[in-house]
Amino acid sequence: MKALLLVDIQNGFCPGGNLAVEDGNAVVTVANHLIEKGDYDLVIASQDWHPPGHGSFASAHPGKAPFDMGELAGKPQVMWPDHCIQNTPDAAFHPDLRTDAIDYVQRKGMDPMVDSYSAFRDNDRSARTGLDDWMRAQDIDTLDVMGLATDFCVKFTALDAREMLPGVTVRLIADGCRGISADGVAEALTALRQAGIAVIDSKDA
Ligand SMILES: [Zn+2]
């Protein structure tokens, strides 16, 4: 089975959202094109889904401003603006995304005490979301990952897929991703390649 994993293609990460990634909405066209090409047996989407007052929000840490470094669950944590709060428009998938084609949605970031960049497990690597078990049950052999943002949720999702799904070919669709910082994107792509993840263009997917 060949699967496409769409990471956090939500209003919150697109222009106008609370944690907008520059040009983030551009990935919607790439996702829809890949879906409509029909080469994927399964389309999976992750959704950042925070309770109000989540510990990754600067607003939950007195004296911290968005994008400061802070600490959460004993680890360094970027203090984010409030974003993707459950049941708000900011947390909804981008309205142009072909959500009708999504077979499975994996929500993450519900535990207020730890952040979850990866769709597979929390940042402290203890609690798993269960997505790996679900994927194993589907007999997936190739997993293409794309979405927002390259240097955070896409990176950690792809790295966890590589580690937690041995035997599955994991590829990153580079033109289907946008990142928060250019340096962060460059570092992410290096880390992904070093982990054995092919970085490809959507036309080669
Ligand atoms: Zn988040």
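Guide: Helices here are DSSP runs of H or I with at least four residues, and strands are DSSP runs of E with at least two; both are numbered from the N terminus. The model is predicted: local features need pLDDT of at least 70, side-chain atom pairs count only at pLDDT 80 or more, and totals for chains, interfaces and linings use all residues. Residues are numbered from 1 along each chain as its sequence is written.

Visitor: What does that rule find in the protein?

Guide: Four helices and eight strands. From the N terminus, the order is β-α-β-β-β-β-α-β-α-β-α-β.

Visitor: What makes the protein as compact as a globular protein of its length?

Guide: Its radius of gyration, taken over C-alpha atoms, is set against the globule rule, 2.2 Å times the number of residues to the power 0.38. For 205 residues the rule gives 17 Å, and the protein has 16 Å, so the two are close. The C-alpha trace spans about 50 × 35 × 30 Å along its principal axes.

Visitor: Why is Asp139 called exposed or buried?

Guide: The test counts other C-beta atoms, placed from the backbone, within 10 Å of the residue's own: 20 or more is buried, 12 or fewer is exposed, and in between is partly exposed. Asp139 has 11 such neighbours, so it counts as exposed. Asp139 sits in the loop between α2 (131-137) and β6.

Visitor: What is notable about the phi of Asp139?

Guide: Phi of Asp139 is near 60°, a positive value in a residue other than glycine. Most residues other than glycine have a negative phi. Ala73 also is not a glycine and has a positive phi, about 50°. Ala73 lies in the loop between β3 (69-72) and β4.

Visitor: How do you know which exposure class Ala73 belongs to?

Guide: Ala73 has 15 other C-beta atoms within 10 Å, so it falls in the middle class, partly exposed. Ser181 has 15 C-beta neighbours as well, and therefore counts as partly exposed. Ser181 lies in the loop between β7 (169-178) and α4.

Visitor: Why is Cys84 placed in its class?

Guide: Cys84 has 25 C-beta neighbours inside 10 Å, so it counts as buried. Cys84 lies in the loop between β4 (75-78) and β5 (104-108).

Visitor: What is Cys84 in contact with, leaving aside its neighbours within four places in sequence?

Guide: A contact means that two C-beta atoms, placed from the backbone, lie within 7 Å. By that test Cys84 is in contact with Gln10, Gly12, Asp48, Trp49, His50, Asp90 and Ala91. Cys84 and Gly12 are 72 residues apart in sequence, yet 5.7 Å apart in space, C-alpha to C-alpha.

Visitor: Why is Ala119 called buried or exposed?

Guide: Ala119 has 31 C-beta neighbours inside 10 Å, so it counts as buried. Ala119 is found in the loop between β5 and α2. Leaving aside neighbours within four places in sequence, its contacts include Val7, Ser46 and Thr157.

Visitor: What makes α3 mostly covered?

Guide: Of its 15 residues, 12 are buried. Among them are Phe152, Val154 and Phe156. The buried residues of α3 pack against β1 (2-7), β2 (42-48), β6 (142-148), β7 and α4.

Visitor: How do you know how α3 and α4 are oriented to each other?

Guide: Axes are lines fitted to C-alpha atoms, for helices over the stretch in contact, and angles run from 0 to 180 degrees between N-to-C directions. Under 35 degrees is roughly parallel, over 145 roughly antiparallel, 65 to 115 roughly perpendicular, and the rest oblique. The axes of α3 (residues 150-164) and α4 (residues 182-194) cross at roughly 10° and come within 9 Å. The helices are therefore roughly parallel to each other. The contact includes Ala158 and Leu159 of α3, and Ala188 and Leu192 of α4.

Visitor: How do you know whether the span of α4 agrees with its number of residues?

Guide: The expected span of a helix is 1.5 Å times one less than its number of residues. For the 13 residues of α4 that gives 18 Å; the end C-alpha atoms are 19 Å apart, so the span agrees. Just after α4, Gly196 takes a positive phi of about 90°.

Visitor: What joins Leu148 and Ala149?

Guide: A cis peptide bond, with omega about -15°. Most peptide bonds are trans. Ala149 lies in the loop between β6 and α3.
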